[in-house]
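Trainee: Could you take me closely through one part of this model, the packing of its helices, and then set that part beside the surroundings of the ligands and the confidence of the prediction?

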Amino acid sequence: MNDINAKKENFYAIKLKNNRIIWIDRGKILMPDRKIINSMKRRSQEIYHPDKDVFVPVPPFPLNMLVEVTNACNHACIFCANSKMTRKKRSIERKLLQSVLIQAYDLGTREIGFYATGEPLLYKDLDWAVNEAKRIGYKYIYLTTNGAFAEVEKIKTLVAVGLDSIKFSINGASRTCYKAVHGRDDFDKVLENLRQIKKYRDKEKVPLRIYSTFIITETNRHEVDVAKEVIGARCDELLFFSEGNQGGYMSQRNKPATITLPCSLLFNRFHVTCEGYYTMCCVDFQNYLAVADLNKVLVKDAWGSNLAVAMRKKHLASEVSGTLCENCVECKSNLVKPLLSHLATTCTF
Ligand code: SF4
Ligand code: SF4
């Protein structure tokens with residue numbers, strides 16, 4: 001082993017003989033670093049099906065973090081809870097975001113996605129945020145967008161300051177079907193943006209990965225094969241997913257649960273809401289799983305807080321009744337309670 005990057009007192013990166021890197025913080029081994037994966041499918045596998053040793057009440061601080069830079073969206077997809085969300089629409093404060101970025105990096109996070117329940121290209125400080133994350137040292141910076149505002153010039157700027165990959169969410173393969181799913185007539189615009197970005201990427205040979213996803217619903221199921229041609233040909237990878245119940249917020253669509261306990265999201269990813277809260281789920285539209293206010297609590301303390309640990313223990317014991325996770329895994333619409341009522345916006349499900 002050799003010390004390759006003594007960053008500050010008590011915080012080291014150590015390279016092993018097999019070239020893997022581990023991070024040591026005050027004598028404690030953090031999540032191993034690893035080569036950035038250039039495959040959306042494999043990345044998704046890593047998040048949703050991690051190694052078993054991560055399933056402990058206080059896991060190492062995650063390699064991966066999602067920041068909800070805004071919860072506003074310009075679309076109204078039929079499978080998404082965004083348009084029925086009653087939480088106030090807002091964007092994250094720069095000062096808080098900067099503080100979270102620095103703290104999480106020092107704890108071992110190296111990948112950051114700037115999105116959660118809204119459309120990140122509506123966030124006016126996105127260039128600044130990507131630049132700041134790269135400056136701090138994040139290795140992989142990505143976002144998911146509906147693509148309506150993903151004009152090539154805007155994406156060029158984001159790539160110049162450090163964006164590594166962009167994922168388009170395109171849930172129709174024709175103008176009519178797209179409008180029926182997204183609630184907006186933006187199909188042509190989105191496809192053109194995707195085409196232009198790929199053309200720019202290929203011509204300039206910039207190291208930008210371009211991905212797309214297609215959520216299958218009854219409305220667009222018949223277009224799956226066409227989507228492979230129309231969308232798949234314009235990006236590096238296109239993945240199909242069946243619609244889910246969105247963390248229990250869309251259980252009325254009554255799709256069978258695909259999530260099993262313990263849910264990996266509580267154990268191997270850190271999620272920050274636009275208010276600056278730590279929530280244990282990336283699709284927590286009403287903050288029912290928010291457990292700490294990062295405006296008042298350090299990131300490290302939020303991750304190891306009593307409430308976070310108690311919720312992980314519930315998952316490890318497969319006993320989540322009365323929480324949002326019960327609605328999610330059992331596809332119910334019960335009137336469950338938030339973990340911290342003052343951080344949540346209560347709803348009727
Ligand atoms: S799926 Fe994405 S684009 Fe569609 S409403 Fe939800 S946040 Fe907006
Ligand atoms: S609601 Fe709970 S079980 Fe469902 S995805 Fe979110 S964290 Fe996982």
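Mentor: H4 and H6 lie oblique to each other, because their angle of about 45° falls outside the ranges that count as roughly parallel, roughly antiparallel or roughly perpendicular. In this predicted model, helix H4 covers residues 152-161 and helix H6 covers residues 187-204, and their axes are 9 Å apart. The crossing in which H4 passes H6 is right-handed. On the H4 side the contact is made by Val152, Ile155 and Lys156, and on the H6 side by Asn193, Gln196, Ile197 and Tyr200. Sorted by class, the residues of this contact are four nonpolar, two polar and one charged.

H4 also packs against H3, with an angle of about 20° between the two helices and a spacing of 8 Å between their axes. Since angles under 35 degrees count as roughly parallel, H3 and H4 are therefore described as roughly parallel to each other. The crossing of H3 and H4 is again a right-handed one. Here H4 uses Thr157, Leu158 and Val161, which meet Leu126, Asp127, Val130, Asn131 and Lys134 in H3. By class, the contact of H3 with H4 comprises four nonpolar, two polar and two charged residues.

From H3 the packing can be followed on to H2. Helix H2 spans residues 94-107 and helix H3 spans residues 126-136, and the axes of these two helices come within 10 Å and cross at roughly 25°. That angle makes H2 roughly parallel to H3, and the crossing in which H2 passes H3 is right-handed. The residues of H2 that take part are Arg94, Leu97, Gln98, Leu101, Ile102 and Tyr105, and they meet Trp128, Ala129, Glu132, Ala133 and Ile136 of H3. This contact of H2 with H3 is made up of eight nonpolar, one polar and two charged residues.

Turning to the ligands, ligand 1 is surrounded by Cys73, His75, Ala76, Cys77, Cys80, Asn82, Gly118, Glu119, Asn146 and Ser169. The shell around ligand 1 divides into four nonpolar, five polar and one charged residues. Around ligand 2 the residues are Gly247, Gly248, Ile259, Cys263, Leu265, Leu266, Met280, Cys281, Leu324, Cys325, Cys328 and Val329, and by class this shell has 10 nonpolar, two polar and no charged residues. Helix H8, at 265-268, and helix H11, at 324-330, each supply at least two residues of the shell around ligand 2, and H11 gives the most, with four residues.

As for confidence, the mean pLDDT of the protein chain is 90, and 88% of its residues reach 70 or more. Over residues 1-11, however, pLDDT stays under 50, and for this stretch the model has 15 contacts beyond four places in sequence. Over residues 30-35 the pLDDT is likewise below 50, and that stretch has 18 contacts in the model beyond near neighbours in sequence.

Terms used:
Residues numbered from 1 in each chain as written. Chains lettered and ligands numbered in written order. Predicted model: local features only at pLDDT ≥ 70, side-chain atom pairs only at ≥ 80, totals over all residues. Axes fitted to C-alpha atoms, helices over the stretch in contact; angles between N-to-C directions. Parallel < 35°, antiparallel > 145°, perpendicular 65-115°, else oblique. Left-handed = near helix turned anticlockwise from the far one by under 90°. Contact = placed C-beta atoms within 7 Å. Nonpolar A, V, L, I, M, F, W, Y, C, P; charged D, E, K, R; others polar. Near = placed C-beta within 6 Å. pLDDT = per-residue confidence, 0-100.
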